[in-house]
Amino acid sequence: MNEWTWVLAGILAYWLAVAAARKRGLLPDYVNTMGPLLTVHTKRGKRLLDRLAAPKRAWRAWGNFGLGIALVVLVGAFGLLATTAIALVQNPPAAASAVGNPRSALVVPGVNPFLPVAVAPEIVLGLFVGLVVHEGGHGVMSRVEGIGVESMGVVLLAILPMGAFVEPDQEDQRLVSRGSRARMFAAGVTNNFFIALLAFGLLFGPVAGAISVAPGAAVGGVTEQSPAAQAGIEPGDRIVAVGNESVASNEEFEAVLANHTAHSVSMTLAGGETVSVNRSVLVTGVPAAGSALAASTPFSPDNGVSTGDTITSVNGTSVETESEFRDIVANTTIATVTTDAGNTTTGPVGALTTLVDGEPFAAQTGLGAGDAVVVTRLDGQRVVTYADVSDALADTAPGDSVDVEFYADGERREATVTLGENPNSDIGFLGVQGSPGYSGMTVSDAGIELYPAGFYLDVLGGDLTGATLTQSAMYLVFLPFLAAVGLGVPYNFPGFVPDNAAFYTTTGVLDPLGGAGLLLANALFWVGWVNINLGFFNCIPGYPLDGGHLLRTSVESVVSRLPIEDKRSAVRAVTTSVGLAMLACLVLMLFPNLLV
């Protein structure tokens with residue numbers, strides 16, 4: 001049986017045991033059940049709530065401020081869920097993804113594929129802080145508004161805490177004003193957002209500023225059977241020298257390696273070990289077989305080129321390094337590639353691109369949106385990868401015209417395209433999305449995939465070059481599954497874990513802490529991340545979430561002013577409709593694989 005069968009079997013056995021204990025009256029009065037969940041209630045702590053609620057005027061001011069924020073986020077959450085669900089229905093994912101796996105919806109390290117066990121303590125800390133401040137906010141604001149608290153407690157699945165709660169007195173809620181109820185419901189998410197802001201503020205400031213990238217090239221991954229793998233290089237290693245030249249960064253490593261023309265090159269690791277890498281041109285990636293991109297390039301499994309192949313010659317000339325490969329294809333548009341398996345493939349080498357709907361290239365050439373073409377020249381300049389396209393357009397402006405040589409369905413074509421407005425910069429926009437590599441085929445003469453340690457540190461420090469505040473915030477929220485959401489980043493970043501800890505070092509105020517400084521950064525990141533997600537999730541306008549309660553009070557306020565006889569039914573109709581719509585949207589967002 002797989003792991004999920006064991007998990008479900010365990011939950012079922014636990015549920016049956018709880019049901020039997022409840023039926024026989026073995027559960028104490030302060031323990032209730034909700035399916036497989038236990039709720040443990042206590043009346044202790046009421047005096048503490050009363051003392052905390054003493055400065056009522058200050059708390060009401062805070063409550064009004066938080067209510068405004070909560071309502072804005074509620075409307076935003078409604079819009080985001082609705083538009084995302086509509087987009088998913090209109091354009092279902094082409095294939096199942098890890099994000100749509102049911103395991104991804106569980107915030108359980110080791111079960112969720114994006115949350116490693118190594119950060120379990122930090123995630124538990126974030127959940128604990130989030131639940132305490134959230135439910136504590138409800139409790140304090142209840143007493144501020146004169147609403148009694150029946151009990152408080154936690155929700156457990158076996159011994160695992162799944163949530164917490166505060167039970168305001170129902171009769172008191174009916175007697176207070178809608179504004180009082182709204183402030184009480186908004187208090188939890190307001191506190192979550194405050195804690196997230198505090199944690200990220202500390203992270204952006206003194207903590208991330210005292211962490212730096214360790215010198216050398218960070219090895220994030222090594223292709224199986226590649227020259228690097230055969231030499232014993234592993235993920236997590238740091239290369240500090242190539243031959244007799246030291247390297248301080250990923251960029252220096254690539255530049256130094258490209259300048260080494262010898263078949264065999266030595267690499268020195270941070271631990272002092274030196275290994276010899278016998279290079280060959282390894283195919284590290286090609287478009288998926290049967291895809292539209294694969295049909296548009298000669299270098300794909302459909303034409304006999306697959307990941308893991310070794311290219312032995314190009315146009316009859318043997319090659320051992322990527323520099324040799326690039327030099328040959330840069331001097332010819334059509335190349336014949338031979339692999340170690342004996343397969344020979346001939347076709348154009350250039351930048352494999354996909355045309356964007358309504359943008360200049362598609363609109364002015366008569367091709368359809370989503371069509372893939374291989375661009376080989378721009379204004380007479382040879383193009384072999386998409387980076388060359390970006391370089392060729394660097395000095396252009398919207399309205400400029402460029403001559404484009406490209407291959408569509410294997411046929412050579414030429415067109416003059418007037419560039420449009422670029423959504424991300426002031427240069428001209430051709431209207432294409434690029435694929436990596438040479439006609440979509442990526443190669444490496446070592447088989448090393450570098451880890452962008454500096455990029456992740458810039459995101460954590462709020463110092464991402466060229467990014468707006470909104471973009472920086474989005475990158476931060478998506479960090480644990482950044483590679484899975486199609487943002488062009490090769491790795492997810494769950495924090496400083498054993499897989500990447502060797503790529504960073506502490507300085508300044510964190511230097512005396514050593515490795516503990518990275519643990520502090522992890523704690524701040526996960527406390528902030530969990531709290532901001534708790535806040536947004538609870539703002540979804542659906543019962544029993546806080547957003548559902550805020551929706552009801554808002555609808556009641558509007559309906560009370562309308563000339564309607566049965567106001568209660570009108571309120572129920574609106575809140576039920578919105579709640580069901582939000583539930584459907586949330587299911588589609590969490591499990592998009594249902595549409596595949």
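Aromatic pairs are a good place to start: a search of this whole predicted structure turns up 17 of them. Two are worth a closer look, and the table sets them side by side.

| Aromatic pair | Centre to centre | Angle between planes | Geometry |
|---|---|---|---|
| Tryptophan 62 and phenylalanine 194 | 5.8 Å | 85 degrees | edge-to-face |
| Tryptophan 526 and tryptophan 529 | 5.1 Å | 75 degrees | edge-to-face |

Take the pair of tryptophan 62 and phenylalanine 194. With 85 degrees between their planes, these rings count as edge-to-face, because the cut-off for that class is over 60 degrees. Tryptophan 62 sits in helix H3 (residues 56-90) and phenylalanine 194 in helix H6 (residues 178-207), so their contact ties together parts that are 132 residues apart in sequence. How buried or exposed are the two partners? Tryptophan 62 has a relative accessible area of 27%, which makes it partly exposed. Phenylalanine 194 is also partly exposed, at 42%.

The pair of tryptophan 526 and tryptophan 529 has another setting. Both residues belong to helix H15 (residues 515-538), and since they are 3 residues apart, about one helical turn separates them. Tryptophan 526 and tryptophan 529 are both buried.

Ring pairs also build a cluster, which joins Tyr451, Phe455, Tyr456, Tyr475, Tyr491, Phe493, Phe496, Phe503 and Tyr504.

Now for the second largest pocket. Its volume is about 1100 Å³, and 27 residues line it. Which residues lie nearest the centre of this pocket? They are Glu254, Glu322, Val443, Ser444 and Ile448. Several elements each give two or more residues to the lining: strand E6 (217-222), helix H8 (250-259), helix H10 (322-330), strand E24 (442-444) and strand E25 (448-450). Of these, H8 gives the most, with 6 residues. Sorted by class, the lining of the second largest pocket has 10 nonpolar, 11 polar and 6 charged residues.

Last comes helix H16 (residues 546-559). Does its length fall short of, exceed or match what its residue count suggests, and what span should one expect? At 1.5 Å a residue, the 14 residues of H16 should span 20 Å, and the end C-alpha atoms are indeed 20 Å apart, so the two values agree. The buried residues of H16 are Asp546, Gly547, Gly548, His549, Leu550, Leu551, Thr553, Val555 and Val559.

Definitions and conventions
Residues numbered from 1 in each chain as written. Predicted model: local features only at pLDDT ≥ 70, side-chain atom pairs only at ≥ 80, totals over all residues. Heavy atoms only, no water. Phe/Tyr/Trp six-rings, centres within 6.5 Å; stacked < 30°, edge-to-face > 60°. Helix = DSSP H or I, 4+ residues; strand = E, 2+ residues; numbered from the N terminus. Buried < 20%, exposed > 50% of the residue type's maximum accessible area, 1.4 Å probe, protein only. 1 Å grid on protein atoms, 1.4 Å probe; cavity = no way out; pocket = protein on both sides within 12 Å on 5 of 7 lines; lining within 4 Å. Points joined across faces, edges and corners; volume = space filled by probe spheres on them. Nonpolar A, V, L, I, M, F, W, Y, C, P; charged D, E, K, R; others polar. Expected span 1.5 Å × (residues − 1).
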